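Notebook open, viewer open. I want to work through this one from the overall layout down to single residues.

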Amino acid sequence: MSKILNRYLVQFKGLAVGQHVFSYDVDKALFDEFEASDITDGSLSVEVILNKLSNMLELDVYIEGDVEVKCDRCLEPFTIPTQFEGKLIVRISDSVDESENDNDEILYVSSNEHEISLGQYIYESICLSIPIQRYHGMLGTSTDDCDSEMLTHLNMLAPNDEEKEEPDTDSRWDKLKDLMNNKN
Ligand SMILES: [Zn+2]
């Protein structure tokens with residue numbers, strides 16, 4: 001496991017039954033860990049309230065902060081605020097209940113494990129928390145920051161329906177014009 005994901009380990013074996021609070025910081029390193037990430041930078045704080053039961057952990061996860069994403073319009077990076085609230089159940093069991101196997105909010109660990117890593121869960125939760133469409137002007141950001149030169153460039157590249165139609169030309173007329181031009 002990478003050093004970065006090691007930051008988000010919860011050692012649950014030695015924990016007493018009952019409630020425990022864990023705090024973590026998220027920065028660029030976590031997003032760099034996932035190559036396909038839409039998020040290029042960020043500064044977030046994570047609070048996990050863990051309730052330990054005999055064969056189960058209940059984790060209430062709160063994430064809040066800023067992330068850097070690309071604007072869909074001008075493709076420039078910009079920063080938006082985001083927050084996430086979720087619940088993760090960790091079953092300490094050697095047999096997996098198949099009906100729960102596809103549930104992203106339920107994790108299984110075998111009884112001889114003593115720690116879980118929340119790195120992937122935290123990363124995925126942040127990804128889920130940001131809007132699908134992201135552009136300058138949303139969530140308190142300014143439309144003025146949208147790169148207007150890039151916008152003009154992108155508009156020029158966009159297909160123009162009127163230009164798609166073939167001009168209605170008469171080839172005989174073109175030949176005649178060529179002949180006349182050659183004479184001059
Ligand atoms: Zn923009």
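**Entry 1: overall**

I started with burial: of the 184 residues of the protein, 17% count as buried. I note up front that this is a predicted model. Next I counted elements and got 6 helices and 7 strands. Going along the sequence, I wrote down the pattern α-β-β-α-β-β-β-β-β-α-α-α-α. I also looked at contacts with a separation of 6 or more: residues 24 or more positions apart account for 62% of them.

**Entry 2: the sheet**

How are the strands ordered in the sheet? I read the order as 2-3-4-5-6, with 5 strands in an open sheet and mixed pairing. The edges are strand 2 (18–26) and strand 6 (106–109), each of which pairs on one side only. From one strand to the next, I get an average twist of 20°.

Then I checked what packs on the sheet. Helix 3 (residues 119–129) does, and it touches strand 2, strand 3, strand 4 (56–70) and strand 5 (77–92). The direction of helix 3 makes about 130° with that of strand 5.

**Entry 3: strand pairs**

I went through the pairs in sheet order.

- Strand 2 and strand 3 (residues 41–52) run antiparallel, joined by 9 bridges. I picked out D25, whose bridge partner in strand 3 is S45.
- Strand 4 and strand 5 are antiparallel too, with 15 bridges joining them. Here E58 stands opposite I89 of strand 5.
- Strand 5 and strand 6 pair in the parallel sense, over 4 bridges. In this pair, R91 stands opposite Y108 of strand 6.

Strand 4 and strand 5 also make a hairpin, with 6 residues between them. I flagged L75 in the turn for its backbone and come back to that residue below.

**Entry 4: the core**

Which residues touch the most other members of the largest nonpolar core? My list is V46, L59, L118, I122 and I126, out of 28 residues in that core. Several elements feed the core: helix 2 (28–33), strand 3, strand 4, strand 5 and helix 3 each supply at least two residues. Strand 4 gives the largest share, 6 residues. General reminder to self: in soluble globular proteins, nonpolar side chains tend to be buried together.

I clicked on L59 to see its partners. Leaving out neighbours within four places in sequence, L59 is in contact with V48, L50, K87, L88 and V90.

**Entry 5: L44**

Is L44 buried or exposed? I count 22 C-beta neighbours inside 10 Å, and the cut-off for buried is 20 or more, so L44 is buried. L44 is found in strand 3. Beyond four places in sequence, L44 touches V26, I63, E64, G65 and I126. I126 is also one of the residues I listed for the core. I checked one distance as well: L44 and Y24 are 20 residues apart in sequence, and their C-alpha atoms are 8.6 Å apart.

**Entry 6: N55**

I moved to the loop between strand 3 and strand 4, where N55 lies. Why does N55 count as exposed? Because N55 has 10 C-beta neighbours inside 10 Å, and 12 or fewer means exposed. N55 still has contacts away from its own stretch of sequence: not counting residues up to four places away, N55 touches R91, I92 and S93. R91 came up earlier as the residue opposite Y108. The C-alpha atoms of N55 and V17 are separated by 9.9 Å, with the two positions 38 residues apart along the chain.

**Entry 7: positive phi**

Back to L75. Phi there is positive, about 70°, although L75 is not a glycine. I place L75 in the loop between strand 4 and strand 5. L75 counts as exposed because there are 12 C-beta neighbours inside 10 Å.

I found a positive phi at L139 too, near 50°, again in a residue other than glycine. Where is L139? L139 sits in the loop between helix 3 and helix 4 (148–157). With 14 other C-beta atoms within 10 Å, L139 comes out as partly exposed.

Technical notes: Residues numbered from 1 in each chain as written. Predicted model: local features only at pLDDT ≥ 70, side-chain atom pairs only at ≥ 80, totals over all residues. Pairing = 2+ DSSP bridges. Axes fitted to C-alpha atoms, helices over the stretch in contact; angles between N-to-C directions. Contact = placed C-beta atoms within 7 Å. Core = buried A, V, L, I, M, F, W, Y, C linked by C-beta atoms within 7 Å.
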